[in-house]
Amino acid sequence: MASQGLSYDGCNFFRQRLVLATLSGKRVKIKGVRSREDNPGLRDFEASFIRLLDKVTNGSRIEINQTGTVLFYQPGLLYGGSVEHDCNPQRSIGYYLEALLMLAPFMKTSLKATLRGVTNDPTDPTVDLLKSTAVPLMKQFGIDGEGFDIKVVKRGMAPGGGGEVVFKCPVRRSIKPVQLTEPGKIKRIRGVAYSVRVSPQMANRIVDSARSVLNQFLPDIYIYTDHMKGANSGKSPGFGLTLVAETLNGCFLSAEMSSTPQGQGDPVLPEDLGRNCAKLLLEEVHRGGCVDSSNQSLALLLMTLGQQDVSKVLLGPLSPYTIEFLRHIRDFFQIMFKIEVQKPLEDERKGGDKVLMTCLGVGYSNINKSIK
């Protein structure tokens, strides 16, 4: 398996390809990276992501041509350990953390990663969202242990950054199969309204406007306010809201919104942000499934690398990112999912067709043997 290589064109789904190459041990070549643009080649945040991969692996070989339009990546062994990385402020820490969440359980030693940069921006999943949805999802697959957590030490809004996050994850030799087919009813909603370098009253205004929408549906709502000051508040002003709905069966659905970065676009009122974020959460609940749309690919990867047993997960409508992820799993692991579309009943006012994904795990230890 290690001798085989894959070749792709263009910079789309860049992280997916490098993460799956690292886990499968297959080398990958990516050609034509923005070759037709005025400013061709890899962007700074993509180069920063490659450096992070190099830090958590041992013996990786990375070659980039002079213009940055061709990348060759031969993965080394996933080592882990203690890592510090300054993330490029063009993308938030969530961009880098999503990949680490996929890699961390399969490393040789438990990972402690200190990431610095932008913690919250409107483009990528924020650190708060990953902490409240991805971590509980991984625990369902048996990835648990002392200190498994994402901790926000300093907050940093776009574009200046200045935030710091510590991510700790234990090593798991085997991932247990899951049967997540019944999401259950929503029992409570929790959230975090954060504000930095603006009045603390902003967070309270966000909470009030979000509650005005959500209280029509559910009484058990608690939204924390998080106002960091001084050195812990980063370099740019901003505010935002992350909401998470928990079901009776322990599934988590989430939504989030952040204010527009300083000096970019139209300013956002905290009242509008709170209301719109609450409506986004209701839309996510409307879509249904046991995993929210931002964590679909993480669930599918853990199903693929789980023990050689059948896993089932019910998802809402698949996002375009997830559809491409399934194609890449087929390329790197030769694994195909059985997909059953569940049409909603006529008397049920639910959003879109749900998708039941069934997969026979390949077992990560088996991949390791074939690499050696």
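A residue is called buried when its relative accessible area is under 20%, exposed when that value is over 50%, and partly exposed in between (1.4 Å probe, protein chains only). The areas themselves come from the Shrake-Rupley method with a 1.4 Å probe, and for residues only the protein chains shown count as cover. The structure is a predicted model, in which local features need pLDDT of at least 70, side-chain atom pairs count only at pLDDT 80 or more, and totals for chains, interfaces and linings use all residues. Residues are numbered from 1 along each chain as its sequence is written, and side-chain values use heavy atoms, with hydrogens and water left out.

Asn366 is a friendly place to begin. At 28% relative accessibility, Asn366 counts as partly exposed. This residue is found in helix α9, which covers residues 364-371; helices (H or I, at least four residues) and strands (E, at least two) are DSSP runs, numbered from the N terminus. Asn366 and Gln307 are 59 residues apart along the chain, and their C-alpha atoms are separated by 9.6 Å. A similar look can be taken at Lys31, in strand β2 (residues 27-31). Lys31 has a relative accessibility of 36% and so counts as partly exposed. Between Lys31 and Leu71 there are 6.5 Å in space, C-alpha to C-alpha, and 40 residues in sequence.

Two helices illustrate the buried class. In helix α3 (residues 93-103), eleven of the eleven residues are buried, among them Tyr95, Tyr96, Glu98 and Met102. Helix α7 (residues 296-304) is largely enclosed by the rest of the structure, because nine of its nine residues are buried. The buried residues of α7 include Gln296, Ser297, Leu300 and Thr304.

Charged side chains come next. Lys and Arg count as positive and Asp and Glu as negative, while His and the chain ends are not counted. A salt bridge is a side-chain nitrogen of Lys or Arg within 4 Å of a carboxyl oxygen of Asp or Glu. The structure holds 18 salt bridges. One of them joins Arg155 to Asp128, with the closest N and O atoms 2.9 Å apart. This pair links distant parts of the chain: Asp128 belongs to helix α4, Arg155 to the loop between β9 (149-154) and β10, and 27 residues separate them. Both Arg155 and Asp128 are buried.

Lys187 and Glu246 also meet through their side chains in a salt bridge, at 3.7 Å from N to O. Lys187 lies in strand β12 (residues 186-196) and Glu246 in strand β14 (residues 238-247), so this pair ties together parts that are 59 residues apart in sequence. The partners fall into separate classes of accessibility: Lys187 is partly exposed at 32%, whereas Glu246 is buried at 14%.

In another salt bridge, the closest N and O atoms of Glu271 and Arg205 are 2.8 Å apart. Because Glu271 lies in helix α6 (residues 270-287) and Arg205 in helix α5 (residues 201-214), parts that are 66 residues apart in sequence are tied together. Glu271 is partly exposed, with a relative accessible area of 24%, and Arg205 is partly exposed at 30%. Salt bridges can also form a network, as they do in linking Glu84, Asp86, Arg116 and Glu164.

Asp121 offers a contrast. This residue sits in the loop between β8 (109-117) and α4 (127-140). Asp121 is buried yet has no salt bridge, and the nearest side chain of opposite charge, that of Arg91, is 5.6 Å away. A polar atom of the Asp121 side chain does lie 3.1 Å from the backbone nitrogen of Asp124.

On the surface, Lys112, Lys131, Lys151 and Lys168 gather in a patch of positive charge. Patches are made of residues with over 30% relative accessible area and no salt bridge; like charges are joined within 9 Å, and nonpolar side chains (Val, Leu, Ile, Met, Phe, Trp, Tyr) within 5 Å. The place of a charge is taken as NZ of Lys, CZ of Arg, CG of Asp or CD of Glu. Within the patch, Lys112 is in strand β8, and Lys168 is found in strand β10 (residues 163-169). Lys112 counts as partly exposed, at 38% relative accessibility, and Lys168 is partly exposed with a relative accessible area of 38%. The C-alpha atom of Lys112 is separated by 9.9 Å from that of Asp149, a residue 37 positions apart along the chain.

Note on methods: A polar contact is a pair of N or O atoms within 3.5 Å; within protein, one must be able to donate a hydrogen and the other to accept it, and residues adjacent in sequence count only if both atoms are side-chain atoms.
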